[in-house]
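Please open the model in the viewer and keep the selection panel at hand. The tour below proceeds stop by stop, with a selection at each.

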Amino acid sequence: MSGAFASGPERLGGTGRYPAIAHALRTVLLLASEPVGVRVIRDEAEYANCPESTPSEPLHYCAAVRRATRGESLKLALTDISCDTSPRTLGLEEGFFDDDFIESYVTGGLYADRLRADLVLASVAVLPPRTSGILIRPLAEFSADEPPDVALMSMTPYAAMRLTQAAAFHGHRVRNEPIGMHGICAECTSQPILSGEISVSLLCSGTRHVADWEETELGVGVPSALLAD
């Protein structure tokens, strides 16, 4: 099948044509910034061979994603990340469910008590602690030989609705239970990688402050395998 009647994946040439996919996403969803690809690297040699530079000083993972929406590429190891949470949700270190870490949410005034903190945080998506580093690029710069694990996008609620409709056309569901925390690291990155499903996040006050997302923006994570659909 060809021409105007070809399916989305056929028109885009499959999952390998990330520049075409990125262009389609920007155009159809009227995105104000670049879709971002994230690759979780477990092999230390592969991470060392990535040509991307590390940041000049540590920064939050979500701030690196924000920079990639503006065209920058970075790679991050544990020492390049300045927040306490994303290394734990992205598998760079252990400890998200440790007693003292969960208790810090309570003492920080984020939950009424330990019981509520345990109930809510038990559902947070956390990658296994085998990650050597994270590669973050504009989606268009990835290739079939080195695909991203997930694509992250910031968009309006209207665009998120259209993406949800497009996913449903192919039988995919958008699933998440946003908690107003870990918006980029867990809800947009770890969650779609672990579940294989599209995840929409309301983001969180932390990333809205650190990465300066607009009040009208939502976060969306799409597993690489679903991008062409």
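**Stop 1: strand S6 and its partners**

Select Met 155 first; this residue stands opposite Leu 218 in S6. This is a predicted model, in which local features need pLDDT of at least 70 and side-chain atom pairs count only at pLDDT 80 or more, while totals for chains, interfaces and linings use all residues. Residues are numbered from 1 along each chain as its sequence is written, and side-chain values use heavy atoms, with hydrogens and water left out. Strands (E, at least two residues) and helices (H or I, at least four) are DSSP runs, numbered from the N terminus.

Next, select strand S6 (218-223). Six bridges join S6 to S4, and the two run antiparallel; two strands count as paired if DSSP finds at least two bridges between them. S5 also pairs with S6 in the antiparallel sense, over three bridges, and Ser 199 stands opposite Gly 221 in S6.

Is S6 enclosed or open to the outside? Six of its six residues are buried, so S6 is largely enclosed by the rest of the structure. Buried means under 20% relative accessible area, exposed over 50%, and partly exposed in between (1.4 Å probe, protein chains only). Colour Leu 218, Val 220 and Val 222, which point one way from S6, separately from Gly 219, Gly 221 and Pro 223, which point the other way.

Continue to Ser 224, in the segment after S6. Ser 224 counts as buried, at 10% relative accessibility. Draw a distance from its C-alpha atom to that of Glu 57: the two residues are 167 residues apart along the chain, and these atoms are separated by 29 Å.

**Stop 2: the whole sheet**

Now display the strands together. Six strands form an open sheet in the order S2-S3-S1-S4-S6-S5, with antiparallel pairing. Its edge strands, each pairing on one side only, are strand S2 (74-76) and strand S5 (199-201). From one strand to the next, the twist averages 20°; for such angles, axes are lines fitted to C-alpha atoms, for helices over the stretch in contact, and angles run from 0 to 180 degrees between N-to-C directions.

**Stop 3: strand S1**

Select strand S1 (residues 36-41), where six of the six residues are buried, so S1 is largely enclosed by the rest of the structure. Val 36, Val 38 and Val 40 point one way, and Gly 37, Arg 39 and Ile 41 the other.

Which strands pair with S1? Six bridges join S1 to strand S3 (residues 133-138), and three join S1 to strand S4 (residues 150-155); both pairs run antiparallel. Zoom in on Val 36, whose bridge partner is Pro 138 in S3 and Leu 152 in S4. Gly 37 stands opposite Ala 151 in S4.

**Stop 4: helix H9 and the cavity**

Add helix H9 (183-195). H9 lies across S1, S4, S5 and S6, running at about 140° to S4; contact means heavy atoms within 4.5 Å. Its buried residues include Ile 184, Cys 185 and Glu 187. Just after H9, Gly 196 takes a positive phi of about 75°.

Rolling a probe the size of a water molecule over the atoms shows where empty space is left. On a 1 Å grid over the protein atoms alone, a cavity is a set of points where a 1.4 Å probe fits but cannot get out, and a pocket is an open set with protein on both sides within 12 Å along at least five of seven lines; lining residues have an atom within 4 Å of a point.

A search of the whole structure finds one cavity of 30 Å³ or more. The largest cavity has a volume of about 60 Å³, a volume being the space filled by probe spheres set on grid points joined across faces, edges and corners. To find this cavity, select Leu 152, Met 153, Ser 154, Ile 184 and Trp 213, the closest to its centre of the 13 residues that line it. S4, H9 and S6 are the elements that give two or more residues to this lining.

**Stop 5: the second largest pocket**

Finally, select Cys 83, Thr 85, Met 181, His 182 and Gly 206, the closest to the centre of the second largest pocket among its 21 lining residues. This pocket has a volume of about 440 Å³. H10 gives the most to its lining, with four residues.

End at helix H4 (61-68), one of the elements that give two or more residues to this lining. Seven of the eight residues of H4 are buried, so H4 is largely enclosed by the rest of the structure.
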